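Open the structure in the viewer and keep the selection tool at hand. The stops below go from a pair of helices to a single residue, then to a pair of strands and the whole chain.

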Amino acid sequence: MHLWLSILYQRGIYPPESFSRSEKYGLAMMVSNDNGLNQYLGQVLNQLQSWLLQGEVQKVVIVITGANSGETLERWGFNVEMDKAVPRNGPSGKFKSERDIMSEIQAIIRQITASVTFLPLLQEPCTFDMLVYTDASADVPAAWEESDPRYIQNSTDVKLRSFTTKVHKVDSMVSYKNNEDDI
């Protein structure tokens, strides 16, 4: 969830006063004070955790859309690969250390923060949506709805760092609207 909050904060999707500083993963991070946002992300996280435990998640995407134009401006994708050889009740043998995992998460969060320097300015108020790609066999709650992938035509794609646990590997990337055509 902290990766997602970092994106929402860095891209200005919510006003700065909706966040406060907190220490997480050995970094000073912004956490949300917005009850509606926290409730929404909590619901997504609870369902996502269930799907992750079952090995049914392929990808999580944060889509940033212009509130006025309805145009998809950015797609932050997190591809998830599960080691299918790991038993469903958890890995056996040697675990990757929490310190190593935390170090990799720190690196991704730093890269998200640094990416603001090359991403185009968001010229209008924006909204976001979370897309979760699951296996076809996944049990999807009735409150969740299908969505198109919200791809960006003529996008620029930047691969970000990845991290691994004993069970999952997460590759990340950001795609953004290439405004060079507008010039």
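Are α1 and α3 roughly parallel or roughly perpendicular to each other? The coordinates to inspect are those of a predicted model.

**Stop 1: the helix pair**

Select residues 2-10, which form helix α1, together with residues 98-115, which form helix α3. Their axes come within 10 Å and cross at roughly 15°. Angles under 35 degrees count as roughly parallel, so α1 and α3 are roughly parallel to each other. The crossing in which α1 passes α3 is right-handed.

Now show side chains for the contact. On α1, pick L3, S6, I7 and Q10. On α3, the residues to pick are I108, I109, I112 and T113. Colour this selection by residue class: five of the residues in the contact of α1 with α3 are nonpolar, three are polar and none is charged.

**Stop 2: M130**

Next, select residues 126-134, the strand β5, and find M130 within it. Is M130 buried or exposed? Its relative accessible area is 7%, and under 20% counts as buried, so M130 is buried.

Which residues does M130 touch, leaving out those up to four places away in sequence? Display W4, Y40, L41, V44, V60, V61 and I62 to see these contacts of M130. W4 falls within residues 2-10, the range of α1 from the previous stop.

For a distance label, choose the C-alpha atoms of M130 and S147. The two residues are 17 apart in sequence, and their C-alpha atoms are 9.8 Å apart in space.

**Stop 3: the strand pair**

Move on to residues 19-24, strand β1, and residues 27-32, strand β2. β1 and β2 run antiparallel and are joined by six bridges. To check the register, select F19 and look across to β2, where S32 stands opposite.

How many of the six residues of β2 are buried? Five are, and the strand is mostly covered.

**Stop 4: the whole chain**

Finally, clear the selection and switch to a cartoon of the protein chain. There are three helices and seven strands to count. Traced from the N terminus, their order is α-β-β-α-β-β-α-β-β-β.

Colouring by accessibility gives the overall balance: 39% of the 183 residues count as buried. A contact map gives another view of the protein chain. Among contacts with a separation of 6 or more, 70% come from residues 24 or more positions apart.

Terms used. Residues are numbered from 1 along each chain as its sequence is written. This is a predicted model: local features need pLDDT of at least 70, side-chain atom pairs count only at pLDDT 80 or more; totals for chains, interfaces and linings use all residues. Side-chain values use heavy atoms; hydrogens and water are left out. Axes are lines fitted to C-alpha atoms, for helices over the stretch in contact, and angles run from 0 to 180 degrees between N-to-C directions. Helices (H or I, at least four residues) and strands (E, at least two) are DSSP runs, numbered from the N terminus. Angles under 35 degrees count as roughly parallel, over 145 as roughly antiparallel, 65 to 115 as roughly perpendicular and the rest as oblique. A crossing is left-handed if the near helix is turned anticlockwise from the far one by less than a right angle, and right-handed if clockwise. Contact means heavy atoms within 4.5 Å. Ala, Val, Leu, Ile, Met, Phe, Trp, Tyr, Cys and Pro count as nonpolar, Asp, Glu, Lys and Arg as charged, and the others, Gly among them, as polar. Buried means under 20% relative accessible area, exposed over 50%, partly exposed in between (1.4 Å probe, protein chains only). Two strands pair if DSSP finds at least two bridges between them.
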